[in-house]
Amino acid sequence: MELHEGRPDSIEGRTAPEIRTYDTLDRLGIHYWQTDHKQAANTMEDCLEVDSILNATICKNLFLCNRQKTNFYLLMMPGEKKFLTKELSHQIGSARLSFAPEDKMVEFLDIHPGAVSVMGLMNDQDNHVQLLIDEDVLQGEYLGCHPCVNTSSLKILTKDITDVFLPAVNHSYRTVHLTGVV
């Protein structure tokens, strides 16, 4: 696995959402590095090798919803923190958060489980999904994320995500404070 600047040399065998990610980043003038994985990175454990290559904050990305399935959230938090539903529910005023159904993930973000990423917000043109970012993620200089597939990863300046990418895809974010402590 090796890290190189910009999009992959070839788009052969790449999915439309992945290519759309590179096109969006290039159009916005966002500098990024990309690496392909030997195997799909479905869990945080799978991301350990990727983490050593990227040298960035690798996020746990959770697609959540309220009990009524009327409010949807993408939560970005450090991978090593434990997710406690009650801790987040209290901060955003939404009781009974749970993982959102896969069909909504595909409908709103054009992403499948295991590949959830902030990059998917480019596909949420009707703003169905609210982005929540743990404050510790914002402290890192670089962010590691998937380009809408879990067979590749990107390294991007955190400020390019918050100051360039999110405004360009008409999304804002809310900072949350998660401790992961019971």
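**Close-up 1. Thr 57 of strand S3 meets its bridge partner in S7.** In this predicted model, Thr 57 has Leu 143 of strand S7 as its bridge partner. Strand S7 covers residues 142–145, and its pairing with S3 is parallel, with two bridges. Thr 57 belongs to one side of S3, together with Cys 59, Asn 61, Phe 63 and Cys 65, and these residues are buried. The other side of S3 presents Ile 58, Lys 60, Leu 62 and Leu 64, again all buried. Taken as a whole, S3 runs over residues 57–65 and is mostly covered, with nine of its nine residues buried.

**Close-up 2. Strand S3 also pairs with S4 and S5.** Look here for strand S4 (residues 72–78), which runs antiparallel to S3 and is joined to it by seven bridges. One bridge to pick out is that of Lys 60, whose partner in S4 is Met 77. The two strands make a hairpin with six residues between them. In that turn you will find Lys 69, which has a positive phi of about 60°. Strand S5 (residues 98–99) is likewise antiparallel to S3, with two bridges between them. Leu 64 has Phe 99 as its bridge partner in S5.

**Close-up 3. A salt bridge joins Arg 20 and Asp 110.** Side chains of opposite charge can pair when their charged atoms come close. Here the side chains of Arg 20 and Asp 110 form a salt bridge at 2.4 Å, N to O. Arg 20 sits in helix H1 (residues 16–27), while Asp 110 sits in the loop between helix H4 (102–109) and strand S6 (129–134). The pair thus links distant parts of the chain, 90 residues apart. Are these two residues buried, partly exposed or exposed? Arg 20 has a relative accessibility of 31%, so it counts as partly exposed. Asp 110 is partly exposed too, at 27%.

**Close-up 4. Lys 81 forms salt bridges with Asp 134 and Asp 136.** The side chain of Lys 81 meets that of Asp 134 at 3.0 Å, N to O. Asp 134 is in strand S6 and Lys 81 is in the loop between S4 and helix H3 (85–92), 53 residues apart. Asp 134 has a relative accessible area of 0% and is buried. Lys 81, at 11% relative accessibility, counts as buried because the cut-off is under 20%. Lys 81 also forms a salt bridge with Asp 136, at 2.8 Å, N to O. Asp 136 lies in helix H5 (residues 135–139), so this pair ties together parts that are 55 residues apart in sequence. Asp 136 is partly exposed, with a relative accessible area of 37%.

**Close-up 5. Arg 7, Asp 23 and Asp 26 share a salt-bridge network.** These three residues are linked to one another through salt bridges. Across the whole structure, a search finds eight salt bridges.

**Close-up 6. Met 119 in the largest nonpolar core.** This core has 34 residues, and Met 119 is among those with the most contacts inside it, along with Val 118, Leu 121, Ile 156 and Phe 165. Elements that each supply at least two residues of the core include H1, S3, S4, strand S8 (152–157) and helix H6 (158–168). Leaving aside residues up to four places away in sequence, Met 119 touches Thr 21, Leu 25, Cys 145, His 146, Pro 147, Cys 148, Leu 154, Ile 156, Ile 161 and Phe 165. A second, separate core has twelve residues, including Leu 64, Phe 83, Ile 92 and Leu 97.

**Close-up 7. Stacked aromatic pairs.** How many aromatic pairs does a search of the whole structure find? There are four. In one of them, the rings of Tyr 22 and Tyr 32 have centres 6.1 Å apart and planes at 10°, so the pair is stacked. Tyr 22 is in helix H1 and Tyr 32 in strand S2 (residues 32–36), ten residues apart in sequence. Both tyrosines are buried. Phe 63 and Phe 72 are also stacked, at 6.0 Å centre to centre with 15° between the planes. Both of these phenylalanines are buried. Ring pairs bring Phe 63, Phe 72 and Phe 108 together in a cluster.

**Close-up 8. Lys 155 sits over two rings.** The charged end of Lys 155 is 5.6 Å from the centre of the ring of Trp 33 and sits over that ring. Lys 155 also lies over the face of Tyr 142, at 4.5 Å from the ring centre.

Notes:
Residues numbered from 1 in each chain as written. Predicted model: local features only at pLDDT ≥ 70, side-chain atom pairs only at ≥ 80, totals over all residues. Heavy atoms only, no water. Buried < 20%, exposed > 50% of the residue type's maximum accessible area, 1.4 Å probe, protein only. Helix = DSSP H or I, 4+ residues; strand = E, 2+ residues; numbered from the N terminus. Pairing = 2+ DSSP bridges. Salt bridge = Lys/Arg side-chain N within 4 Å of Asp/Glu carboxyl O. Core = buried A, V, L, I, M, F, W, Y, C linked by side-chain atoms within 4.5 Å. Contact = heavy atoms within 4.5 Å. Phe/Tyr/Trp six-rings, centres within 6.5 Å; stacked < 30°, edge-to-face > 60°. Lys NZ or Arg CZ within 6 Å of the ring centre and 35° of its normal.
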